[in-house]
Structures are given as structure tokens and as C-alpha cells.
Amino acid sequence: MGRFQSAAHRHPRRVSAAVVALLAGTAFTAFGVAPLTSLPQGPQPTITQINEAVAVPELPAQIARMDVQSLVLYRSDVTRPADTVDSLLARLGVDDLDTAQFIRNDPVAGTILQGRTGKSVKATVDNGQLRELIVRGPADTTNDFDTHFTRLTVTRVQEGNQPAHWNVRKELVLLETMPQMASGTIQSSLYAAADDANVPDGVTNQMAEIFGNDIDFRRELRKGDAFSVLYEAHTADGEPITWGGSAGRVLAARFINKDKVHDAIWFQEAGKKGTYYDLQGRSKTRSFLASPLAFSRVTSGFAMRFHPILQKWRAHLGVDFGAPTGTPVRAVGDGVVSFAGQQNGYGNVIQIQHSGDRATVYAHLSRIDVRRGQRVEQGARIGAVGATGWATGPHLHFEFKLGTHQVDPMTIARASDSQVLSPQALAQFRQRTVDVARSIQAAGQWQLAGAQSGPRFE
């Protein structure tokens, strides 16, 4: 039925003719097999013929008028890594040497092929000549990347018999957002599944952060797990951006891990910071984060390992996060810096004292951005990944201590407290999120069926 509807939209005349032929053939067959006695008896119907003269349209005059009208084409494409000005204009149907030379020589128009590829390009072409070229791409500065885009417009101006000239305008324009739903199933990794579902990396990072205390993505993710996410998709002039990477906030998400369902919906209580809550109104934000880095590759977990420098097996009483030098390191919880400096094999190291007898250690840093005695909040930047001390490469060594004993950070993160909405806010939360929760649940039920029937890691 779906194929028939799709074909009906693409070829309405062909589909209509096929339906008429099918019905006509069916009626003929029925008439052929019906017994003669079943036919009605009586006088034959009178056939009346009507003749009417129809004026033939002046086709030669219409054709002549069409010949004098120019054909204006609109073509769209995206910039590619191997593009030149000539190759891009050729794909857009532009056969205009003057325009190509102008773009190559103009310092503003020439930025079309600079920077990131995948920019959206739209050209208005009249008999091979460019009338207008609009190029939309990412903002030039990192600070504007998630909020704005660059619109570059090249317009051909022709005044009488004067030589043509071009106007160039470059603008920084605010990105717009529209809700977007996506779902995926894990086959190899979270990022691979998100890429298959055309989910921007920024949204994938947010999902990993939202569910970081519920799911250990380095050890508990398995083939057949599934997710659904509702997020703010960025658009430029009403069209989806083509250069990727930029996305707004995750509005709601569901992740199915080991057939267990985890939900999260964004909500801001009056007078407080917005955060994510499950469907019962419990905050997904806990006293401690599961990781001092944004979602990253873990090279060594909390277990026994073969030490690369000491060349012997020993307990690894922490977690190593592999990341490039300079990657920001954040405090996993509120506390006071009890040590900030150098310490033997740890190199540059920071220790933060939290409430009670709990403390966290951040080692091998390339830089330290806090001082002893300073109070820090959860998520605050305290330093950067490095390879100081006994390190064979850039990474962060992270420990969580209870008294003098190291414990698994993931265990502490899961056991830490979470806030609950007040009764008044909870009623408002349920009222505002009922539609979102229904959409996520519907998508999640479909994904859950796939997760239960799909293959699993052995």
C-alpha cells in the first residue's frame, strides 16, 4: 500500500490510467462470465450524438511568446573537498567566465571554498549566466558556531549596455531550530549508530552525558541496544544545515541498555537551572559525574593491568581517559582543592576534597587552572589533559577515594544523590511533557522490540 501511495504521488496520471484499465478489465470479465438469463430485458437505450465546434488555440503565437522568455533555473549543491571555482560553477550550470574570474579575485567571494566543506550553495542561472549565488556555511569563529551561520551572497548587476558588475555581501545570521526525532540501534558503537541515524555529534555527546550515570558506555554497551532522541535541529534560512556538527539542546531521550529503559526530559523549574529528569520527575544530575571529561575513550579501567613503564602487573586503582593534550578536565563534584602541583609519577596533579571523606584525583595534566584552597563547582574546568609524570602518552588518570582507599568512580556516581522536583513543579512537569513523553515512549517501544529480538554480544 505504501508503494502504491508513493507511486501515486510521483506519477498521478499513470496510476489513474492503470486504475481505470484495471477496473475496466474487471468489469469486462464479470460481464463475460455472467449468465445471459441474468441480463435485464427491455428496450435498448437511445444514443444521442452531440457535435460542438471547438476553437483551436493559437499555438504558433503562444510558442513565439515562449521563445522570447528567458529560462531561469535554480540549482543547489554543496561544496566538496576537491572543488575549484570552475568545477563548482559547472555543477551549478553556470557557463560564465566573467563570474568565475570575479569570484577567484574578490577577497570576500573567494572565501566560498575556504574552510569547512559541505557548505550549502544555491545558484540562480539565466541562460548559463549567474544571476545570484547564495552560500551558507558555518560561522567563522568558534564562539558563534552553535548559534550562527554565515550567508555569503554574490549578485550580478546589469544596467543597460553597461558592463556587468557584482555585489558581494557577507552576513552573520542567527541559526533557527526545529524539533527533530531520530532513533538508532547499536551495532558497533554509539557514534556509529548515531551517524547511521544522521544524528549530529553534539547530540550524541549530550546523550552520553545525560545517561552517563546510568550506563557505563565503556563496559555495558552491547549490540542490539537502542536509543530515541528528540532534539533541536539547526536550520539556516529554513533549510537543514549541510556542514554538520552544530545542533541545539536534546529535549528528550530514551536509551535501552540490556533491555532496561532509561528516560530523560529537559525541564526548567522556576528560579532554578534547567536539567534532565526521568518520567517520575527524578533529576538525572547527581552529586558526582561519572567522568571528568566529556564523553571520551577509556584506555584503562578500574582493574588489574600490565603497567607500561614498570613492566609488571599491578592493580590500577583509577580510570585512564585517552584524549588529546589540552582537552578540558572538569571537577566531577562540588568541593575544595586540597592539592594543586607536581607529585612524582602523577606529574601535574589536582586533588579535590568533597563532602565527608570523599576526594578525587586528576593526574598527568598539561596545565593546572585552580589553586589550593579554591572552591569549585561540579563541571568547572580545573585543568587540561597532558602526559606529565609517568605517562606514555596524553591521557587523564582519575581516581575516586573514600578515605585512603580508591573505589570505582562509576559505583560512586550511581550511588550519589539526585534531586526530586517539588510537588508543584512535578505537576507542571507532567503537564508540559506529556506529549514529549508519549512520542519518546512510542519510539522507544519500537526500539525495545528491536533490541529484544536483535543479536547480542557473546
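This report describes the aromatic ring contacts in the structure above, which is a predicted model.

The structure holds 11 aromatic pairs, and two of them are set out in the table below. A pair of aromatic rings is described by the distance of the centres and the angle of the planes.

| Pair | Centre to centre | Angle between planes | Geometry |
|---|---|---|---|
| Trp-266 and Tyr-276 | 5.2 Å | 65° | edge-to-face |
| Tyr-362 and Phe-398 | 5.3 Å | 45° | tilted |

For the edge-to-face pair of Trp-266 and Tyr-276, the partners come from two strands: Trp-266 belongs to strand β10 (residues 260–267) and Tyr-276 to strand β11 (residues 275–277), so their contact ties together parts that are 10 residues apart in sequence. Trp-266 has a relative accessibility of 23% and therefore counts as partly exposed, whereas Tyr-276, with a relative accessible area of 11%, is buried. Trp-266 also has a charged neighbour, since the charged end of Arg-249 sits over the ring of Trp-266 at 3.9 Å from its centre.

In the second pair, the planes of Tyr-362 and Phe-398 stand at 45°, and because an angle over 60 degrees would be needed for edge-to-face and one under 30 degrees for stacked, the pair counts as tilted. Tyr-362 lies in strand β20 (residues 358–368) and Phe-398 in strand β23 (residues 395–402), so this pair ties together parts that are 36 residues apart in sequence. Both Tyr-362 and Phe-398 are buried.

Aromatic residues are also grouped beyond simple pairs, as Phe-211, Phe-217, Phe-227 and Phe-255 form one aromatic cluster.

Technical notes. Residues are numbered from 1 along each chain as its sequence is written. This is a predicted model: local features need pLDDT of at least 70, side-chain atom pairs count only at pLDDT 80 or more; totals for chains, interfaces and linings use all residues. Side-chain values use heavy atoms; hydrogens and water are left out. Rings of Phe, Tyr and Trp (its six-membered ring) pair if their centres lie within 6.5 Å; planes under 30 degrees apart count as stacked, over 60 as edge-to-face and the rest as tilted. Helices (H or I, at least four residues) and strands (E, at least two) are DSSP runs, numbered from the N terminus. Buried means under 20% relative accessible area, exposed over 50%, partly exposed in between (1.4 Å probe, protein chains only). A charge sits over a ring if NZ of Lys or CZ of Arg is within 6 Å of the ring centre and within 35 degrees of the ring normal.
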